[in-house]
Amino acid sequence: WELRYDAWHLLWCPAGYAAVRTSLAEQVCESCSAGKYCLQRGCDECASCAVGTFKSSRGAGECIPCPKNTYGPDVGASRLSMCIGCPPEAVTPSIGHVSPYQCDCDLKYYFSYSDTAGVKCNLCPP
């Protein structure tokens, strides 16, 4: 805050908060909601978590990559449950994946997709 012309003016908000104008003459610091972040002070708005990540708390903090064997297709994911598990018999080699097509089928299985069954791993024929 800074005193200018006998009135306090908001200079910047801390990390995890964005400056929001509530009226022509007033601003407040509003915490970033779940699924949004601001890592440095002075944000005008909170940014949405990228695909493959989530943030379940309000305020300061980074978006967290979806764990191994999951993928996160949505921007602004606000909880771990928005990271979707790979199909049975499939894994991901690392964290932060964004698509079911990044799930690798185990040995002896092959990857397939259909409009009715979605993504799945099928047992290879003998």
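**Surface patch, disulfides and local geometry**

Val51, Val75 and Val98 come together as a nonpolar patch on the surface, with about 210 Å² of accessible area between them. The model is a predicted one, and that holds for everything described here. Of the three patch members, valine 75 can be placed in the loop between E9 and E10. With a relative accessible area of 57%, valine 75 is exposed, because the cut-off for that label is over 50%.

Now for the cysteines. The structure holds 7 disulfides, and three of them are walked through below, including the pair of cysteine 13 and cysteine 29. In that pair the sulfur atoms sit 2.1 Å apart. The torsion about its S-S bond is about -95°, so the link between cysteine 13 and cysteine 29 is left-handed. The pair links distant parts of the chain, 16 residues apart. Cysteine 13 belongs to the loop between strand E2 (7–9) and strand E3 (17–23), while cysteine 29 is part of strand E4 (residues 26–31). The two ends also fare differently at the surface: cysteine 13 is buried, at a relative accessible area of 0%, whereas cysteine 29 is partly exposed, at 32%.

Next comes the disulfide between cysteine 32 and cysteine 46, whose sulfur atoms are 2.0 Å apart. Here the S-S torsion is about -80°, so this disulfide is left-handed. Cysteine 32 is in the loop between E4 and strand E5 (36–37), and cysteine 46 is in the loop between E5 and strand E6 (47–48), so the pair ties together parts that are 14 residues apart in sequence. As for burial, cysteine 32 counts as buried with 0% relative accessibility. Cysteine 46 has 15% relative accessibility and counts as buried too; the label applies because buried means under 20%.

Further along the chain, cysteine 66 and cysteine 83 make another disulfide, with 2.1 Å between their sulfur atoms. The angle about the S-S bond is -75°, and the link of cysteine 66 and cysteine 83 is left-handed. This pair, too, links distant parts of the chain, with 17 residues from one cysteine to the other. Cysteine 66 falls in the loop between strand E8 (64–65) and strand E9 (70–71), and cysteine 83 in the loop between E9 and strand E10 (84–85). Both cysteine 66 and cysteine 83 are buried.

Cysteine 124, by contrast, is in no disulfide. Its nearest cysteine sulfur belongs to cysteine 105 and is 8.4 Å away, so the two do not qualify as a pair, which would need sulfur atoms within 2.5 Å. With 34% relative accessibility, cysteine 124 counts as partly exposed.

Turning to strand pairing, strand E13 (residues 109–114) and strand E14 (residues 118–123) run antiparallel and are joined by 6 bridges. The two form a hairpin, with 3 residues between E13 and E14. As one example of the pairing, tyrosine 113 has valine 119 in E14 as its bridge partner.

A polar contact is worth a look in the loop between strand E11 (90–91) and strand E12 (104–105), where histidine 97 has its place. The side chain of histidine 97 reaches the side chain of serine 94 in a polar contact of 3.1 Å. At 12% relative accessibility, histidine 97 counts as buried.

Last, the backbone. Most residues other than glycine have a negative phi. Asparagine 69 goes the other way: its phi is near 70°, a positive value in a residue other than glycine. Asparagine 69 is found in the loop between E8 and E9, and its relative accessibility of 32% makes it partly exposed. Lysine 108 likewise has a positive phi, near 75°, and is a residue other than glycine. Lysine 108 has its place in the loop between E12 and E13. At 66% relative accessibility, lysine 108 counts as exposed.

Technical notes: Residues are numbered from 1 along each chain as its sequence is written. This is a predicted model: local features need pLDDT of at least 70, side-chain atom pairs count only at pLDDT 80 or more; totals for chains, interfaces and linings use all residues. Side-chain values use heavy atoms; hydrogens and water are left out. Helices (H or I, at least four residues) and strands (E, at least two) are DSSP runs, numbered from the N terminus. Buried means under 20% relative accessible area, exposed over 50%, partly exposed in between (1.4 Å probe, protein chains only). Patches are made of residues with over 30% relative accessible area and no salt bridge: like charges are joined within 9 Å, nonpolar side chains (Val, Leu, Ile, Met, Phe, Trp, Tyr) within 5 Å. Accessible areas come from the Shrake-Rupley method with a 1.4 Å probe; for residues, only the protein chains shown count as cover. A salt bridge is a side-chain nitrogen of Lys or Arg within 4 Å of a carboxyl oxygen of Asp or Glu. Two strands pair if DSSP finds at least two bridges between them. A polar contact is a pair of N or O atoms within 3.5 Å; within protein, one must be able to donate a hydrogen and the other to accept it, and residues adjacent in sequence count only if both atoms are side-chain atoms.
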